[in-house]
Amino acid sequence: FIIMQGQGDVRFAEDRDGGDEEAILTIKIAEADGTQSVWKVLDRVFNLDSIRLGFTEWGDQIKGSFRPSDDDDDDDDDDDGDKEGEDKRLTWTDWIGHLVAFPWKMLFMFVPPPRFAGGWVCFFS
């Protein structure tokens, strides 16, 4: 925290951190008695952000297994004239493909994404 200008008759000590022009205050926020350290240890061991992202991906995978899709699951951004957010009509071949693949989608929706444990959970599922 730095105080650079004071109102009234304010003088800064020349022998302190900021000299005679400013005052510098260092604030250290200490953690509570052992509560934060448990979360830090868990985060170091398990990488909680990666686990949250993995569960988000898994949820998207489960939601996606119930919807027929007309895209080919690649992430290239080809501009084929369609506006973003525009509702695309699915063809009858899209629906047939979805119905044929539906039992497999239901089976593999229980397989977690490879983000967990470096893919080993996905491999052994």
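**Secondary structure, charged contacts and aromatic pairs**

From the N terminus on, the elements of the protein follow the order β-β-α-α-α-α, which amounts to four helices and two strands. The model described here is a predicted one. Of the 125 residues in the protein, buried residues make up 14%.

Charged side chains were examined with regard to both pairing and grouping at the surface. Side chains of opposite charge can pair when their charged atoms come close. Two salt bridges are present in the structure. In one of them, Asp 49 is joined to Arg 52, with the closest N and O atoms 2.8 Å apart. Both Asp 49 and Arg 52 belong to helix 2, which spans residues 48-65, and they are separated by three residues, or about one turn of the helix.

The other salt bridge is formed between the side chains of Arg 115 and Glu 57, at a distance of 3.1 Å from N to O. This pair connects distant parts of the chain, since Arg 115 is placed in the loop between helix 3 (92-108) and helix 4 (120-124), whereas Glu 57 is found in helix 2, and the two positions lie 58 residues apart in the numbering. Arg 115 has a relative accessible area of 35% and is therefore classed as partly exposed; Glu 57, with a relative accessible area of 30%, is likewise partly exposed.

A negative surface patch is made up of Glu 14, Asp 15, Asp 20 and Glu 21. Among these residues, Asp 20 is located in the loop that runs between strand 1 (2-3) and strand 2 (23-24). The relative accessibility of Asp 20 is 47%, and so this residue counts as partly exposed, given that the partly exposed class lies between the limits of 20% and 50%.

Aromatic side chains were considered next. The count of aromatic pairs, taken with ring centres within 6.5 Å, comes to eight. One of these pairs is that of Phe 123 and Phe 124, whose ring centres are 5.0 Å apart and whose planes meet at 80°, so that the arrangement is edge-to-face, the cut-off for this class being an angle over 60 degrees. Phe 123 counts as exposed because its relative accessibility is 59%, and Phe 124 also counts as exposed, at a relative accessibility of 63%. In addition, Phe 55, Trp 58 and Phe 116 together form one aromatic cluster.

Technical notes. Residues are numbered from 1 along each chain as its sequence is written. This is a predicted model: local features need pLDDT of at least 70, side-chain atom pairs count only at pLDDT 80 or more; totals for chains, interfaces and linings use all residues. Side-chain values use heavy atoms; hydrogens and water are left out. Patches are made of residues with over 30% relative accessible area and no salt bridge: like charges are joined within 9 Å, nonpolar side chains (Val, Leu, Ile, Met, Phe, Trp, Tyr) within 5 Å. Accessible areas come from the Shrake-Rupley method with a 1.4 Å probe; for residues, only the protein chains shown count as cover. A salt bridge is a side-chain nitrogen of Lys or Arg within 4 Å of a carboxyl oxygen of Asp or Glu. Lys and Arg count as positive and Asp and Glu as negative; His and the chain ends are not counted. The place of a charge is taken as NZ of Lys, CZ of Arg, CG of Asp or CD of Glu. Buried means under 20% relative accessible area, exposed over 50%, partly exposed in between (1.4 Å probe, protein chains only). Rings of Phe, Tyr and Trp (its six-membered ring) pair if their centres lie within 6.5 Å; planes under 30 degrees apart count as stacked, over 60 as edge-to-face and the rest as tilted.
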